[in-house]
Amino acid sequence: MAYVGSQPIYILSEGSRRTSGRDAQSMNIAAGKAVSRAVRTTLGPKGMDKMLVDTSGTVVVTNDGVTILEEMDVDHPAAQMIVEVAQTQDEETGDGTTTAVIIAGELLARAEDLLENDVHPTVVANGYRFAAAEAREILESIATDVEGDDSLREIAITAMTGKGAEASRDLLADLVVEAIRAVESEDGIDLDDVVVETIVGGGVADSHLVSGVVMDKERAHENMPKRVEDAKVLLLDAPVEVRETEIDSQLDITSPAQLEQFLAREEGEMREMVEAIVDSGASVVVCQKAIDDLAVHYLSKAGVMAVKRAKKSDLRALARATGATITSDYEDLDAALGDAGLVEQRELGDETRIFVEECPDAKAVTLVLRGGTEHVVSEVERAVHDALGVVRVTALDGRVLAGGGAPEVELARQLRDFADSVSGREQLAVEAFAGALEIVPRTLAENAGLDPIDSLVDLRARHDAGDLHVGLDVYTGATADMMAQHVVEPLRVKLQAVESATEAVELLLRIDDVVAAGDLKGKDEAFDEMDF
Ligand code: ADP
Ligand code: MG
């Protein structure tokens with residue numbers, strides 16, 4: 001508050017709250033740590049799932065870090081910054097979201113200890129930044145090169161371990177690798193080209209890959225063919241209807257004959273549109289907009305299968321799969337057609353889908369995921385999402401690390417050496433950073449019901465002896481070479497996790513003043529009470 005003479009001047013609106021200095025830092029650190037606590041128990045193959053129920057009663061059962069945090073609807077600003085770490089991790093790599101968040105939480109916890117010992121927050125932030133830069137180099141140096149589909153399958157399996165999809169992970173890994181291989185090109189791999197379609201009914205083992213597109217649609221009329229072989233596919237992004245007369249133009253119909261004439265003209269135009277479609281050779285029409293009833297009638301008489309109001313994303317995928325061009329130019333329809341070996345409407349369980357498949361040179365494919373219930377299918381979908389992400393980045397860079405906490409233990413070891421070369425109090429922060437990374441093996445051990453201290457001591461000893469790839473075998477409780485166990489993760493996932501966790505923590509540490517419109521107090525208390 002500023003004063004002019006004895007007159008206070010209010011620069012903040014009423015009801016806003018300001019927290020400064022150590023209080024602001026403690027508040028932010030507490031909020032960040034709470035987020036990390038919320039996901040800790042889900043880490044690793046033996047991690048637990050969470051059941052989340054939203055205000056409308058919708059239930060989600062999941063093990064996926066980013067999903068948990070998004071469903072939790074966190075709204076404390078500092079906590080939100082940690083949630084964004086998970087979101088960035090997910091967007092960039094598709095996996096490692098829990099890892100990134102618990103590393104951030106531990107960096108915050110250790111920063112708090114340093115702050116309590118009067119190390120200045122800027123010093124901590126700087127030390128963390130040095131350590132992160134060094135960590136990047138260490139990770140690059142311990143990564144190994146891989147090539148070939150077997151490695152990709154291992155990566156996919158590691159990413160899906162502990163998720164709902166576990167029982168069918170071999171099949172799903174095969175499908176994921178096949179899908180990525182189908183859509184990869186010189187320009188890279190666009191995950192939009194792998195459409196994931198979920199269908200409730202059947203079992204996860206019925207999941208399969210379609211070289212084309214699966215639409216959650218039915219044909220426009222039941223007189224249309226249900227099955228078209230060697231289809232010529234037309235993709236329209238304009239409605240199939242006679243253009244409405246302009247709003248301001250008035251139509252004066254004064255006699256029945258005139259009305260008849262008007263309708264006849266409309267019908268004539270419609271017939272012409274349909275004729276143009278049929279003449280182009282199209283046997284399947286997928287329209288993003290409406291198709292007039294009369295046009296549907298003519299199309300079904302001509303034996304054409306038509307789908308109306310298709311999703312824009314389906315049209316895009318259809319274009320990539322069939323080679324068709326999306327058009328609305330009736331003058332030149334033939335040139336826009338694409339090919340599909342088979343287009344068929346099928347009933348699966350309670351659901352109806354249109355399969356556009358056997359596309360000769362499909363640049364977009366569809367992973368059809370099946371499962372007995374909505375919850376199973378959704379969790380399989382999330383696991384497959386992670387697998388697609390990791391297989392994509394590995395197919396792109398071919399660089400991997402061992403899993404099971406091996407890289408974190410190695411990083412901690414080498415960073416402690418590096419700390420000796422750092423002068424001043426930043427050294428303390430580098431050491432804290434090294435220790436913070438060990439939260440990953442510690443949590444893997446804890447979640448597997450093992451003693452985290454014993455596990456960590458064993459792991460450190462093996463790494464001191466030069467065993468780079470030794471991590472924790474969560475099934476036996478022993479340390480083991482993770483490469484030999486086929487537990488592998490993309491380098492990029494770990495790089496991103498360390499980087500985004502550090503960035504968010506640095507940002508939080510540099511804040512010493514929180515000015516909030518409205519009251520944050522309630523939210524802080526909610527966090528203090530949150531105990532996961
Ligand atoms: P995230 O959201 O961070 O990917 P996960 O729950 O998927 O979290 O757990 C990932 C961690 O589990 C990684 O450290 C990974 O190496 C480890 N992990 C995966 N499979 C195994 C395994 N079979 N044995 C030991 N650790 C594993
Ligand atoms: Mg994972």
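This section describes the domains, the nonpolar cores and one domain interface of a predicted model.

The domain assignment divides the chain into three parts. Domain 1 is made up of residues 18-144 and 401-529, domain 2 of residues 147-211 and 363-397, and domain 3 of residues 216-361.

The largest nonpolar core contains 71 residues. Those with the most contacts inside this core are Ile 82, Leu 107, Val 124, Tyr 128, Leu 139, Leu 415 and Phe 433. Helix α4, spanning residues 97-116, is the main contributor, giving 10 residues. For Ile 82, once neighbours within four places in sequence are set aside, the contacts are Gly 32, Val 35, Val 101, Ala 104, Leu 108, Ala 504 and Leu 508. A second core, separate from the largest, has 31 residues, among them Ile 155, Ala 159, Val 183 and Ala 387.

The C-alpha centres of domain 2 and domain 3 are 32 Å apart, and each of these domains places 15 residues in the contact. Between them the two domains bury about 1,200 Å², with 46% of this area on carbon and sulfur atoms. On the side of domain 2, Ile 199, Ser 211 and Lys 363 account for 40% of the area buried against domain 3, more than any other three residues.

Polar interactions were also found between domain 2 and domain 3: 9 residue pairs are in polar contact, and 5 salt bridges cross the interface. Asp 193 and Arg 316 form a salt bridge in which the closest N and O atoms are 3.3 Å apart. Strands β7 (194-200), β8 (208-210) and β16 (365-371) each provide at least two residues of the side of domain 2 that touches domain 3. The largest share of that side, 5 residues, belongs to β7.

Notes:
Residues are numbered from 1 along each chain as its sequence is written. Chains are lettered from A and ligands numbered from 1 in the order in which they are written. This is a predicted model: local features need pLDDT of at least 70, side-chain atom pairs count only at pLDDT 80 or more; totals for chains, interfaces and linings use all residues. Side-chain values use heavy atoms; hydrogens and water are left out. A nonpolar core is a set of buried Ala, Val, Leu, Ile, Met, Phe, Trp, Tyr and Cys residues joined through side-chain atoms within 4.5 Å. Buried means under 20% relative accessible area, exposed over 50%, partly exposed in between (1.4 Å probe, protein chains only). Helices (H or I, at least four residues) and strands (E, at least two) are DSSP runs, numbered from the N terminus. Contact means heavy atoms within 4.5 Å. Domain bounds come from an automatic or database domain assignment. Buried area is the accessible area (1.4 Å probe) that two parts lose on being put together, summed over both. A salt bridge is a side-chain nitrogen of Lys or Arg within 4 Å of a carboxyl oxygen of Asp or Glu. A polar contact is a pair of N or O atoms within 3.5 Å; within protein, one must be able to donate a hydrogen and the other to accept it, and residues adjacent in sequence count only if both atoms are side-chain atoms.
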